[in-house]
Amino acid sequence: KRLKERLEQGMIEEVKRLHDEGVSWKRLESFGLEYRWCSCFLQGKISQKDMEIELLKASKRYAKRQLTFLRRLERQMLKIEWK
């Protein structure tokens, strides 16, 4: 849901604008998952459909790593407030 909203809000246009303003593709890719995959799409390396699929998969993997990290902290007696 979040990815769909981000795409509708102009995520691809934002990445294109930043590149047009002089930010290199390499630098954009270092900004994070969304910028990395949008950069690949805008450079013609992948289709928009593939970008959306790969970005969704990468986001899910990242969220899973975050949960694993937080659960490990919780097992080490650090109180985590889950919302």
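Here are legends for close-up views of a predicted model.

**View 1. The buried side of helix 2.**
Start with helix 2, residues 11-20, where the buried residues are M11, I12, V15 and L18. These four cover an arc of only 130° around the axis, which puts them on the same side of helix 2. An α-helix has 3.6 residues a turn, so residues three or four places apart point the same way. Among the elements that cover the buried residues of helix 2 are helix 1 (2-8), helix 3 (25-29), helix 4 (33-42) and helix 5 (48-75).

**View 2. The other face of helix 2, and what follows the helix.**
What sits on the face turned away from the buried side of helix 2? That face carries the exposed residues E13 and D20. Follow the chain just past helix 2 and you meet G22, which takes a positive phi of about 115°.

**View 3. E34, a buried glutamate in helix 4.**
Look for E34 within helix 4. Is E34 buried or exposed? Its relative accessibility is 13%, so E34 counts as buried, because buried means under 20% relative accessible area. Setting aside neighbours within four places in sequence, E34 is in contact with R2, R6, M11 and L55. One of these partners, M11, also belongs to the buried residues of helix 2, while L55 is buried in helix 5.

**View 4. The aromatic pair of F31 and Y35.**
The model has 1 aromatic pair. F31 and Y35 form this pair, and its geometry is edge-to-face, with 5.5 Å from centre to centre and 85° between the planes. On accessibility, F31 counts as partly exposed at 37%, whereas Y35 is buried, with a relative accessible area of 17%.

**View 5. Helix 5 from end to end.**
Helix 5 has 28 residues, which at 1.5 Å a residue should span 40 Å. How far apart are its end C-alpha atoms? They are 41 Å apart, which agrees with the expected span.

**View 6. The buried residues of helix 5, and what follows the helix.**
Within helix 5, M51, L55 and A58 are buried. The buried residues of helix 5 pack against helix 1, helix 2 and helix 4. Helix 5 in turn is among the elements that cover the buried residues of helix 2. Just after helix 5 comes M77, which takes a positive phi of about 75°.

Notes
Residues are numbered from 1 along each chain as its sequence is written. This is a predicted model: local features need pLDDT of at least 70, side-chain atom pairs count only at pLDDT 80 or more; totals for chains, interfaces and linings use all residues. Side-chain values use heavy atoms; hydrogens and water are left out. Buried means under 20% relative accessible area, exposed over 50%, partly exposed in between (1.4 Å probe, protein chains only). Helices (H or I, at least four residues) and strands (E, at least two) are DSSP runs, numbered from the N terminus. The arc is that of the directions from the helix axis to the C-beta atoms. Contact means heavy atoms within 4.5 Å. Rings of Phe, Tyr and Trp (its six-membered ring) pair if their centres lie within 6.5 Å; planes under 30 degrees apart count as stacked, over 60 as edge-to-face and the rest as tilted. The expected span of a helix is 1.5 Å times one less than its number of residues.
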